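Biologist: I am new to this structure. Please give me a close look at one part of the surface, and then walk me through what lies around and beneath.

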Amino acid sequence: TVLVWQAISWGDATANPYSHLLRWQAGTQPAVQALVRMSAGAAGALSSYMVLATLWKYELSHFHEGRAVRTSTNSCRDDLQVSMISGIFVELLGTLLCFLASFLLSDLPQLRAKPFLITCLDNAVGVALVIAAFDLTGGYFNPALALGIKLGCGRGGHLQHMAVYWVGPCVGAIMAAPLYNGAKAVFAPENARDKKIKKLAQKVEQQKKRRNCRRQEN
């Protein structure tokens, strides 16, 4: 329910750093702006510990018992239960499948007029993938979320954390669109009319981008 509400209410806002990479990849956001926004998201994730540590001290839940001490002394348990290479692959594959499922659901003719159903099914797939990866890496698929919760935990060090929870998901996210479009071109090629409409839509989109860039420069 929370995920569906977030998808509907947040609009273009995102708490996931690789979303800014994708906007840069699509040409809708400059590289510097993408890096600044990713850094802001990472800073927000790290700052969340200051709020959570205060709540953990009250031990309102049995999950909070001793957590403030364990986290502050870096004695908290790491969620990575496989090798670093396997962990990178799990986070990469999970993120990739999340995006592929989203693209596929959005392209199904039966669902195009039902955005709410697409959102529900998309989130159901995401939850299923998290559950599937939970005992392997924790199934975060979100660099900022993993950063705020698990940085410094376990014995792997910061390098391992960044490789698994940042490199894996970011690479998976960047790979998704080219892979989907490539597979679609092979298994569901567009006819001449659809290609013409798509080119026209892309031309209109490019014109909008140019106008936005000019406004920012002014």
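Modeller: Let's start with a nonpolar surface patch of about 460 Å², made by V51, L55, Y58 and L60. A patch here takes residues with over 30% relative accessible area and no salt bridge, joining nonpolar side chains (Val, Leu, Ile, Met, Phe, Trp, Tyr) within 5 Å, or like charges within 9 Å. A salt bridge would be a side-chain nitrogen of Lys or Arg within 4 Å of a carboxyl oxygen of Asp or Glu, and the areas come from the Shrake-Rupley method with a 1.4 Å probe, with only the protein chains shown counting as cover for residues.

Please keep in mind that this is a predicted model, in which local features need pLDDT of at least 70 and side-chain atom pairs count only at pLDDT 80 or more, while totals for chains, interfaces and linings use all residues. Residues are numbered from 1 along each chain as its sequence is written, and side-chain values use heavy atoms, leaving out hydrogens and water.

Within the patch, L60 sits in the loop between helix 3 (31-58) and helix 4. Helices are DSSP runs (H or I, at least four residues), as strands are (E, at least two), numbered from the N terminus. L60 counts as exposed because its relative accessibility is 66%, and the cut-offs are over 50% for exposed, under 20% for buried, and partly exposed in between (1.4 Å probe, protein chains only).

On the other side of helix 4 (67-72), S75 lies in the loop that leads to helix 5 (84-107). S75 is partly exposed, at 45%. Beyond its neighbours within four places in sequence, S75 is in contact with V69 and R70, where contact means heavy atoms within 4.5 Å. The C-alpha atoms of S75 and R155 are 8.8 Å apart, although 80 residues separate them along the chain.

Helix 5 comes next. Its 24 residues should span 34 Å at 1.5 Å a residue, and its end C-alpha atoms are 35 Å apart, so the two agree; the expected span is 1.5 Å times one less than the number of residues. Its buried residues include G87, I88, L92 and F99, and their cover includes helix 2 (18-25), helix 6 (115-133) and helix 8 (157-187).

Helix 2 has buried residues too: Y18, S19, H20, L21 and L22. Helix 3, helix 5, helix 7 and helix 8 are among the elements covering them. Just after helix 2, G27 takes a positive phi of about 85°.

In helix 7 (residues 143-150), we find K150. K150 is buried, with a relative accessible area of 12%. Not counting residues up to four places away in sequence, K150 touches R77, D79, Y140 and H161.

Stepping back, the protein has nine helices and zero strands. Buried residues make up 30% of its 218 residues.

Finally, a word on confidence. The mean pLDDT (the predictor's confidence in each residue, from 0 to 100) is 84, and 82% of the residues reach 70 or more. Helix 5 has the highest mean of the elements, 96, and helix 9 (residues 192-217) the lowest, 59. Over residues 213-218, pLDDT stays under 50, and the model has zero contacts there beyond four places in sequence. Where pLDDT is low, the predicted coordinates should not be read in detail.
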